[in-house]
Amino acid sequence: MLHHPEDRMGRLGATSRWAVREGALYGVVEPPSTDEEWLTEALGPLVEGQVGVAWARQGIPETAAAFRLATRAAHTLPPGERRLAWASHRLPEVLLESSPEVAALLVEEVLGPLRALPADQRATLMETLRALLRRSGSATLAAEDLICHRNTVIYRTKRLVELTGCSLQDPRGRLMLELAVLAADRAGGPVRRARPISP
């Protein structure tokens with residue numbers, strides 16, 4: 001996913017070691033600057049796929065944890081997208097990537113009730129929810145994005161609260177909605193309810 005990184009790092013004054021680990025090119029880089037922008041610009045021209053980056057701030061003992069974080073950050077990128085992703089910039093996505101079971105449960109518990117609705121209603125409510133999240137819960141601004149009346153957004157918001165049990169006005173509710181939408185988008189849509197296994 002990176003084209004000859006050791007050569008470029010050396011030319012830019014960074015010490016680096018590269019190897020293959022768990023099927024991925026893995027590098028430990030000691031850059032001349034601890035600025036994320038420096039490393040992003042240094043690695044940018046070499047990126048040929050999905051690349052994750054994480055600091056090992058405590059040095060060598062922390063490299064295994066940094067490798068796991070970088071791997072998860074790379075996995076949060078959409079399929080086919082070629083770019084570099086810092087774990088520190090994608091923490092919600094990395095969190096969901098770290099626990100697929102929790103991600104699936106979030107979608108099921110928070111957005112599951114929307115599945116019972118007809119497809120057009122479900123799509124409209126999801127579009128409204130995304131607009132509200134983007135606009136920090138403002139019905140007025142969400143209505144502008146959706147090109148509809150503010151009262152329509154207020155009605156849909158009440159319906160969303162009824163269905164999900166989460167309010168955008170409550171910090172925990174908003175967090176649950178944000179993570180559930182993110183998890184649903186990463187899964188490519190609502191997770192199907194698993195059938196219980198009978199003994």
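Q: What makes a residue of the pocket lining nonpolar, charged or polar in this predicted model?
A: Ala, Val, Leu, Ile, Met, Phe, Trp, Tyr, Cys and Pro count as nonpolar, Asp, Glu, Lys and Arg as charged, and the others, Gly among them, as polar. Under that scheme the lining of the largest pocket divides into 21 nonpolar, nine polar and three charged residues.

Q: Which residues lie nearest the centre of the largest pocket, and how many residues line it?
A: The lining comprises 33 residues, and those nearest the centre are Tyr 26, Gly 27, Gly 52, Ala 54 and Ala 70. Strand S2 (24-30), helix H2 (36-43), strand S3 (50-53) and helix H3 (63-75) are the elements that each give two or more residues to this lining. The space in the largest pocket is about 890 Å³.

Q: Why is the contact between Arg 186 and Glu 97 called a salt bridge?
A: The rule asks for a side-chain nitrogen of Lys or Arg within 4 Å of a carboxyl oxygen of Asp or Glu. The closest N and O atoms of Arg 186 and Glu 97 are 2.4 Å apart, so the pair satisfies the rule. Arg 186 belongs to helix H9 (residues 171-187) and Glu 97 to helix H4 (residues 91-98), so the bridge ties together parts that are 89 residues apart in sequence. By the rule, the count comes to nine salt bridges.

Q: Why do Arg 186 and Glu 97 both count as partly exposed?
A: Partly exposed is the range between buried, under 20% relative accessible area, and exposed, over 50%. Arg 186 has a relative accessible area of 33% and Glu 97 stands at 21%, so each value falls in that range.

Q: What makes Arg 134, Arg 135 and Asp 145 a network?
A: These residues are linked by salt bridges, with Asp 145 taking part in a bridge to Arg 134 at 3.6 Å, N to O, and in another to Arg 135 at 3.0 Å, N to O. Asp 145 lies in helix H7, whereas Arg 135 is in the loop between H6 and H7, ten residues apart.

Q: How do you know whether Arg 134 is buried or exposed, and which class do Asp 145 and Arg 135 fall in?
A: Arg 134 has 54% relative accessibility, and because exposed means over 50%, this residue counts as exposed. Asp 145, at 30%, and Arg 135, at 29%, are partly exposed, because both values lie between the 20% and 50% limits.

Note on methods:
Residues are numbered from 1 along each chain as its sequence is written. This is a predicted model: local features need pLDDT of at least 70, side-chain atom pairs count only at pLDDT 80 or more; totals for chains, interfaces and linings use all residues. Side-chain values use heavy atoms; hydrogens and water are left out. On a 1 Å grid over the protein atoms alone, a cavity is a set of points where a 1.4 Å probe fits but cannot get out, and a pocket is an open set with protein on both sides within 12 Å along at least five of seven lines; lining residues have an atom within 4 Å of a point. Grid points are joined across faces, edges and corners, and a volume is the space filled by probe spheres set on the points. Helices (H or I, at least four residues) and strands (E, at least two) are DSSP runs, numbered from the N terminus. Buried means under 20% relative accessible area, exposed over 50%, partly exposed in between (1.4 Å probe, protein chains only).
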